[in-house]
Amino acid sequence: MSDVLFIGLGAMGGELARRLVAPQSHTTFLHDLNPLSVKKLTDEIPQSKAFNVSALSEPLPSVVYTCLPTSADVEQVLQTLLDRVEPGTLWFDCTSGDPFKDREFGVLLRGKEATFVDVGVSGGPRGAAAGSLTAMVGCPANVFMKAQFFLEPCAKRIVQCGDTGAGHAVKAVNNIIMGANLVIASEGLSILAKYGVNPTTALAAINESSGRSWATQDRMHNYVLSGTYDYGFQLSLLEKDMLTALQLASGCGNTTPLLTNSFHLVNQASRSLSTIADHTRLAEVIASLQSTILLAHAPLYNKQLKSPSMRALGIKLVVFDCAGTIIDEGGLVYNVLQQVMRHAPGGCITYTEEEFNKWHGSNKIEVLRFFGYRVGMSEEEVQAIPENEGAVTLIPGVMELFGKLRGAGYPHSIADRLMQALKLEDKIDGLVVAEDVGKGRPYPYMIQHLARLHNIMDMRQIAKLGDSVRDIEEGRFSGCGFVAGVLTGADSADDHIKAGADLVLRSVADLSI
């Protein structure tokens, strides 16, 4: 029986080492940067002893396992040991590794007449301890039968996914699917919790229905709603695996909008938690963004509709539309505009209601030009049409919201001509109108102008709120990180959602800072 070397005795590696090497009647060599991890296992496993990777005099066993944080760590160990690799050596890498680097490692070891076997394992430390893992293997077909023998102690299911690199490729894609499913499950249950449905009751129904996944059946049930968050797989490692999958997709020329957005949420959660936080904490972060709690016995949620916290989303600039969003003109601007158009010099401008509604949220002079030119009006005649804004008031809660935003250092944009009448001059930090940039909504130029004024480089740090489809489109075309529609103006919730709104609020007063 061949001697065995196991390198990397962390949460997963330690359990794998116990299963993979303890039953074998041979000498087991163990190595880890933490000497306490080595001592603990040498005390447990008969015929085992510490291995010094740097000691050139020590012969290298013919079976090597690595379970390290990254492929860069594997490469460092491999380069250190390469000169001591003997022909016939099997090198099993149980790291959640980079499939492209695996191919490089395979070439290096083939030069020594040895074989690199990438092993993606799924089931976590508990699965490793129980010997119930799924092993996703990448290796040459003529090596698989021999490799399978060395993996059977830890894995109930061993699948050859293809040649070198295929095992880690499948593992990375498996983990990004799992991460996306956890995001989806967390967002879905947050909706129900906010609506007033007990998450445990909802989850029981979902797990017997078509929306179920391993995220709902295992992670949400056993580790999230219980409040333990102790699966044993760090969020930082999930983030790394998801990034590996996206790099794999990029290397293959694939675009992945849903998976990419899920990764950004995981990245955001990872930055807000400790480096050793369990990946199931992702659900807690997502729920907290929605001001909800996902626990089996959580108190019923106050049904007053609120948005996610702007601070928690990393928003630095909030851009508001004017009429219908922060200003209640009761449709007056549009009504007056229609009246003016009917009595415009040069002839009556005709239109249908459906045709006019498409211009909600547009620059008013653009609307006049479109319809005026249609009946032969000149630019001078269009410009001569009087503009009567009538009496306007602020949407309830706007002054309080602006006070909170100003206190937090957030700038906003509203229409210039209403500042004095509404006494908002000292409540805002910036403003822009279409004439400042040449084009109004849905072009992104006004938001881009504000970003330049306030030194915002990442457009994802900007939120846009408005009452029309054109507001939503402007936010989306600008790359805003949060785009919300409000129901105090022109368009409906369905209109906002179809246009790409992240959220629809009753009014801007429901925006959480």
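**Entry 1: a glycine in a loop**

I began with G211 and asked what it touches beyond its neighbours within four places in sequence; the contacts are I206 and T216. This is a predicted model, so I read everything here as computed. G211 is found in the loop between α8 (199-206) and α9 (214-224). Is G211 buried or exposed? I found a relative accessible area of 52%, so G211 is exposed, the cut-off being over 50%. I also looked up a distance to A185, which is 26 residues from G211 along the chain: their C-alpha atoms are separated by 9.0 Å.

**Entry 2: helix α8**

Next I stepped back along the chain to α8. Which residues are buried there? I noted P199, A202 and L203. Seen down the helix axis, the buried residues of α8 fall within an arc of 100 degrees, so they line one face of the helix. I then checked what covers the buried residues of α8, and α7 and α9 are among the elements that do. At the start of α8, I saw that a side-chain oxygen of N198 comes to within 2.8 Å of the backbone nitrogen of T200.

**Entry 3: the whole chain**

I paused for an overview. The chain holds 21 helices and 14 strands. Of its 513 residues, 50% are buried. I also looked at contacts with a separation of 6 or more, and 64% of them in the chain are between residues 24 or more positions apart.

**Entry 4: the largest pocket**

How much space lies in the largest pocket? I wrote down about 1,600 Å³. Its lining has 42 residues, and those nearest the centre are E187, L265, L313, G481 and D502. I then listed the elements that give two or more residues to this lining: α7 (166-195), α11 (257-272), α12 (281-289) and β14 (503-505). Helix α11 gives the largest share, nine residues. Sorted by class, I have 21 nonpolar, 13 polar and eight charged residues in the lining.

**Entry 5: an alanine between α12 and β9**

I looked up A312, which lies in the loop between α12 and β9. Its relative accessibility is 38%, so I put A312 down as partly exposed. Which residues does A312 touch, if I skip those up to four places away in sequence? I found Q268 and L289. For A269, 43 residues from A312 along the chain, the C-alpha atoms of the two are separated by 9.8 Å.

**Entry 6: a lysine in strand β12**

My next stop was K464, in strand β12 (residues 462-466). Is K464 buried or exposed? Its relative accessibility is 2%, so K464 counts as buried, the cut-off being under 20%. I looked for a partner and found that the K464 side chain makes a polar contact with the side chain of E474, at 2.3 Å. Leaving aside neighbours within four places in sequence, I found K464 in contact with a long list of residues, including V319, F320, D321, R441, I447, D471 and E474.

**Entry 7: helix α19 and what comes before and after**

I447 turned up among the contacts of K464, and I found it again among the buried residues of helix α19 (residues 445-453), which are M446, I447, L450 and A451. These buried residues cover an arc of only 140 degrees around the axis, which puts them on the same side of α19. I asked what the buried residues of α19 pack against, and noted β9 (317-320), α18 (434-437), β12 and α20 (469-478). Just after α19, N455 takes a positive phi of about 55 degrees.

On the other side of α19, I looked at P442, found in the loop between α18 and α19. A cis peptide bond joins R441 and P442, with omega about 10 degrees.

**Entry 8: two more backbone angles**

I finished with two residues that have a positive phi although neither is a glycine: E113, at about 60 degrees, and Y229, at about 45 degrees. E113 is in the loop between α4 (99-110) and β6 (115-122), while Y229 is in the loop between α9 and α10 (235-251). Which of the two labels, buried or exposed, fits E113? At 62% relative accessibility, I have E113 as exposed. Y229, at 10%, counts as buried.

Definitions and conventions. Residues are numbered from 1 along each chain as its sequence is written. This is a predicted model: local features need pLDDT of at least 70, side-chain atom pairs count only at pLDDT 80 or more; totals for chains, interfaces and linings use all residues. Side-chain values use heavy atoms; hydrogens and water are left out. Helices (H or I, at least four residues) and strands (E, at least two) are DSSP runs, numbered from the N terminus. Buried means under 20% relative accessible area, exposed over 50%, partly exposed in between (1.4 Å probe, protein chains only). A polar contact is a pair of N or O atoms within 3.5 Å; within protein, one must be able to donate a hydrogen and the other to accept it, and residues adjacent in sequence count only if both atoms are side-chain atoms. Contact means heavy atoms within 4.5 Å. The arc is that of the directions from the helix axis to the C-beta atoms. On a 1 Å grid over the protein atoms alone, a cavity is a set of points where a 1.4 Å probe fits but cannot get out, and a pocket is an open set with protein on both sides within 12 Å along at least five of seven lines; lining residues have an atom within 4 Å of a point. Grid points are joined across faces, edges and corners, and a volume is the space filled by probe spheres set on the points. Ala, Val, Leu, Ile, Met, Phe, Trp, Tyr, Cys and Pro count as nonpolar, Asp, Glu, Lys and Arg as charged, and the others, Gly among them, as polar.
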